[in-house]
Amino acid sequence: MKLTNRSKVVSNKEMTFMEKLYLPEILKGMAITMRHALAGPKGKVFSYPEQEKPRTKFWRGLHVLKRDEEGRERCTACGLCAVVCPAEAITMTSAERTRDEKHLYREEKYASVYEINMLRCIFCGLCEEACPKSAIYLTDRLVDVETNRGSFVYGKDKLVEKINERVDITARQSELQKKTVK
Ligand code: SF4
Ligand code: SF4
């Protein structure tokens with residue numbers, strides 16, 4: 001069954017004598033390469049890392065674990081994000097909030113440990129969609145360059161937003177979500 005119109009019929013025609021020689025085709029390819037090399041960049045080249053390519057607000061990059069308007073962590077360690085994650089990149093340990101911790105955690109249960117392995121993550125955004133507490137969002141930020149594999153396992157120290165340095169995710173929320181997120 002044909003699902004889209006993107007498929008192309010591949011031609012199996014015999015190669016001509018000139019094509020079998022290969023040399024003319026190689027020269028043609030080199031001529032195209034030279035033409036582009038001599039023409040220079042056409043305003044689409046960014047000298048990274050000094051100059052970053054602009055990213056859309058909907059870019060699916062580094063996650064953030066959000067706090068609520070009172071500064072309490074929103075995540076209740078329900079595990080839905082971990083279950084839905086196709087790359088099995090998320091792990092967590094839940095804990096029960098004590099009476100003295102009501103100002104730290106929004107719900108009675110919270111994640112004492114929450115980790116995302118950035119080498120496994122494929123930035124699909126399913127964790128964001130699955131979260132019933134609007135606690136996890138992807139952002140337009142990039143994952144840092146690291147020199148060893150262990151450093152790519154991001155814990156709460158890197159994922160939870162800083163209380164005085166909030167991450168704006170409103171551009172990612174639908175109008176309905178903006179109204180319903182409490
Ligand atoms: S973005 Fe996708 S792959 Fe990455 S942690 Fe979330 S669900 Fe897993
Ligand atoms: S981030 Fe959301 S889905 Fe994941 S454990 Fe926390 S509350 Fe549940």
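Cys121 sits in the loop that runs from strand E3 (109–117) to helix H4 (126–130). In this predicted model, Cys121 is buried, because 22 other C-beta atoms lie within 10 Å and the cut-off for that label is 20 or more. Leaving aside residues up to four places away in sequence, Cys121 touches Ala87, Ala89 and Ile116.

Let's stay in that loop for a moment. Cys124 is also found between E3 and H4, but Cys124 is partly exposed, with 15 other C-beta atoms within 10 Å. Phe123 belongs to the loop between E3 and H4 too, and is partly exposed with 16 other C-beta atoms within 10 Å. The backbone of Phe123 is worth a look: phi is positive, about 55°, although the residue is not a glycine.

Now for the record. An unreviewed UniProt entry lists Cys85, Cys121, Cys124 and Cys127 under "binding site". These cysteines span 43 residues in sequence, yet no two of their C-alpha atoms are more than 10.5 Å apart, so they gather at one spot.

Two further backbone details deserve a visit. Most residues other than glycine have a negative phi, and most peptide bonds are trans. Glu88, which is not a glycine, has a positive phi of about 50°. You will find Glu88 in the loop between helix H3 (80–84) and strand E2 (90–96), where Glu88 is exposed, with 11 other C-beta atoms within 10 Å. Elsewhere, Tyr48 and Pro49 are joined by a cis peptide bond, with omega about 10°. Pro49 lies in the loop between helix H2 (23–39) and strand E1 (63–65).

Key
Residues numbered from 1 in each chain as written. Chains lettered and ligands numbered in written order. Predicted model: local features only at pLDDT ≥ 70, side-chain atom pairs only at ≥ 80, totals over all residues. UniProt positions renumbered as here; feature names shortened; annotations may be inferred. Helix = DSSP H or I, 4+ residues; strand = E, 2+ residues; numbered from the N terminus. Buried ≥ 20, exposed ≤ 12 C-beta atoms within 10 Å, placed from the backbone. Contact = placed C-beta atoms within 7 Å.
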